[in-house]
Amino acid sequence: MTDSAKPPGRFEIFNTLGRAVQQFVPRTEGVVQLYACGPTVYDYATIGNFRTFILVDVLRRTLDALGYQVRHVMNITDVGHLASDADEGEDKMLAGARREGRTVWDIAQFYTDRFFADADALNILRPDVVAKATDHIDDMIALIRRLEAHGFTYVAGGNVFFDVARFSRYGELALLDRQQLQAGARISVDRSKRNPEDFGLWFTRSKFEDQAMIWDSPWGRGYPGWHIECSAMAMRYLAEQFDIHCGGIDLIPVHHTNEIAQAEAALGIEANDPQRWVNYWCHGEFLLVNGAKMSKSKGNWVTIGQLQEDGYDALDYRYFVLGAHYRAHQNFTMRALDAARAARAGLVSRVAALARAAGIDAPGAVADGGHAHPAANEALAHAAHDLAMPRVLARLWQLVKSDSDDPECTLRAVAAIDRVLGLKLLQSAASALADDTRSDPDVDALVRERDEARRRRDFARADAIRTQLAAQGIELRDAATGTVWQRAAALPERDR
Ligand code: AMP
Ligand code: ZN
């Protein structure tokens, strides 16, 4: 654990607001308030979605390892996310319910549970607060009323809209040029809107008839827009102004742009005010398939469950994700996943070999050595520089390949580095070792028979047994107490 008396280490992050790697300065010393947009629970999360959630997890782990006290809030979108981010189409939840012949509430519960099962398998830490949109309708109504009081809203066609013309910094995050946008009409124009980028805060009149989730409001029975959800929940569970807001890059032009507009309008933050609603915006690049974004609408998506059915461990996918920088495109192929699986197995077997050399039977319990080891220090410095996880992995490999240190000391450094990577290396090594020594009466009998053959000087038989066992992946070693055997999978390649 980190020494709480020491100030947290230096952290730098690429801020979408400003498009530069910046030194991170929290609002309150030593504390980080972090909000991440969560899943829309109308279907399984894709491994593309999980690339972004792994980014958030690694960010949180790094801040934690640097000594910050992190408060992490994530929402569950279970109402209001329409088929298009710009208020078009029907609610995704409704489409999910219709597809499966179940209620929207059943669908939300089922896919929320699936999301967390996958997240747990990926060793993604649970946020401190998980907030469901449908539990926070009152907070959203209160925020819309605040906007109304400040004159930022209007009602048209029965729906309440945010008037972007009233907010001079509109589009700053996305570097949007409103005039250009209007000319190009990239956002389809709803005739009841004053400006094409205006967005719905509350809908009483749907574009579809059978919206199943509706609540009373000062503007009539209806449901909230997607963007107001996140701002209301973030402000409820964090301070009204906080440090970091995360999501995938697709959220920049509409969702996060609208979140900034409505939150800063409600808080009365002026255009020249250096105090922003959120100081750092962190966005992850897409996971691609054949050069295109992995998405449900393209039908090119894969789930963690499917990878598990094919015999992969979710941590193989986590290793794959950590192999690319979060701001770079990453192309998903089964070949690349196979390479990640092999690399992770190699790491685990080296960690198991270190434990064996240190005489530690249960490496899962090895305490993390903090920043005592130079390798751990260097790895953390890489993570602290805009989450350079490929470099953290490279430093870890260098560490486990070197023979120069005492194995127990190396193991403690591995534990410290894995606090940031979250690959469960020590626990996996512990299971590999347990597997290693799992007894097998058939193997024991063959080993005894070979010992007897050697005593009889029947070397042909002894060799035949060794070959037979090797074919089963069993290694034999002559020890003072007699012949011992272990499964070769737990040995690093160079030791085989
Ligand atoms: P959703 O469930 O659609 O609200 O998305 C959840 C998160 O996944 C958001 O932060 C998205 O930006 C992110 N996301 C969606 N598709 C991808 C992708 N192909 N690669 C990385 N992140 C994605
Ligand atoms: Zn959001």
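When I say helix today, I mean a DSSP run of H or I that is at least four residues long, and helices are numbered from the N terminus. With that settled, hello everyone, and let me start with Arg114, a residue of helix α3. Please keep in mind throughout that we are looking at a predicted model.

Arg114 counts as partly exposed, because its relative accessibility is 29%, and buried would mean under 20%. What makes Arg114 a nice opening is its partner across the sequence: Gly305 is 191 residues away along the chain, yet the two C-alpha atoms are separated by 9.2 Å.

Let me step back to the whole chain. DSSP gives us 16 helices and 18 strands. The C-alpha trace spans about 95 × 55 × 35 Å along its principal axes. Of the 496 residues, 55% are buried. How many of the contacts between residues at least 6 apart in sequence join residues at least 24 apart? The share is 75%.

How far should we trust the coordinates? The chain has a mean pLDDT of 89, with 92% of its residues at 70 or more. The stretch to treat with care is residues 490-496, where pLDDT stays under 50. The model still has 20 contacts beyond four places in sequence for those residues. Where pLDDT is low, the predicted coordinates should not be read in detail.

Now to the metal site. Which residues supply the protein donors of the zinc ion, ligand 2? They are Cys37 through SG, Cys230 through SG and His255 through NE2, at 2.1 to 2.2 Å from the ion. Written along the chain, the spacing of these donors is C-x192-C-x24-H. Cys37 sits in the loop between β3 (31-36) and α1 (47-65), while Cys230 belongs to helix α6 (residues 226-237), so this pair ties together parts of the chain that are 193 residues apart in sequence. Are these two cysteines buried or exposed? Cys37 is buried, with a relative accessible area of 9%, and Cys230 is buried too, with a value of 0%.

Next, the empty space. The largest pocket has a volume of about 820 Å³. Its lining comprises 41 residues, and those nearest the centre are Asn49, His81, Lys92, Asp250 and Lys293. Which elements give at least two residues each to that lining? They are α1, β5 (82-84), α3 and β12 (242-248). The largest share comes from α1, with five residues. By class, the pocket lining divides into 16 nonpolar, 15 polar and 10 charged residues.

There are enclosed spaces as well: the structure holds six cavities of 30 Å³ or more. About 120 Å³ lies in the largest one. Thirteen residues line that cavity, and Leu55, Val321, Ala324, Tyr326 and Met389 are the closest to its centre. The elements giving two or more residues to this lining are α1 and α9 (314-322). Helix α1 gives the most here, with four residues, and α1 also has the largest share of the pocket lining. The classes in the cavity lining are nine nonpolar, two polar and two charged residues.

Let me finish with a few single residues, beginning with the backbone. Which way does phi go at Asn123, positive or negative? Phi of Asn123 is near 60°, a positive value in a residue other than glycine. Asn123 lies in the loop between α3 (104-121) and β7 (129-132), and it counts as buried because its relative accessible area is 16%, where the limit is 20%.

Leu387 also has a positive phi without being glycine, near 55°. Look for Leu387 in the loop between α11 (374-384) and α12 (389-401). Leu387 is buried, with a relative accessible area of 2%.

That loop leads us to helix α12, and there we find Arg395. Arg395 is buried, at a relative accessible area of 14%. Which residues does Arg395 touch, leaving out those up to four places away in sequence? The answer is Ala375, Glu378, Ala379 and His382.

Thanks for listening, and I'm happy to go back to any part of the model.

Conventions
Residues are numbered from 1 along each chain as its sequence is written. Chains are lettered from A and ligands numbered from 1 in the order in which they are written. This is a predicted model: local features need pLDDT of at least 70, side-chain atom pairs count only at pLDDT 80 or more; totals for chains, interfaces and linings use all residues. Side-chain values use heavy atoms; hydrogens and water are left out. Donors are N, O and S atoms within 2.8 Å of the metal (3.2 Å for Na, K and Ca); water is not among the atoms, so sites may look incomplete. Buried means under 20% relative accessible area, exposed over 50%, partly exposed in between (1.4 Å probe, protein chains only). pLDDT is the predictor's confidence in each residue, from 0 to 100. Contact means heavy atoms within 4.5 Å. On a 1 Å grid over the protein atoms alone, a cavity is a set of points where a 1.4 Å probe fits but cannot get out, and a pocket is an open set with protein on both sides within 12 Å along at least five of seven lines; lining residues have an atom within 4 Å of a point. Grid points are joined across faces, edges and corners, and a volume is the space filled by probe spheres set on the points. Ala, Val, Leu, Ile, Met, Phe, Trp, Tyr, Cys and Pro count as nonpolar, Asp, Glu, Lys and Arg as charged, and the others, Gly among them, as polar.
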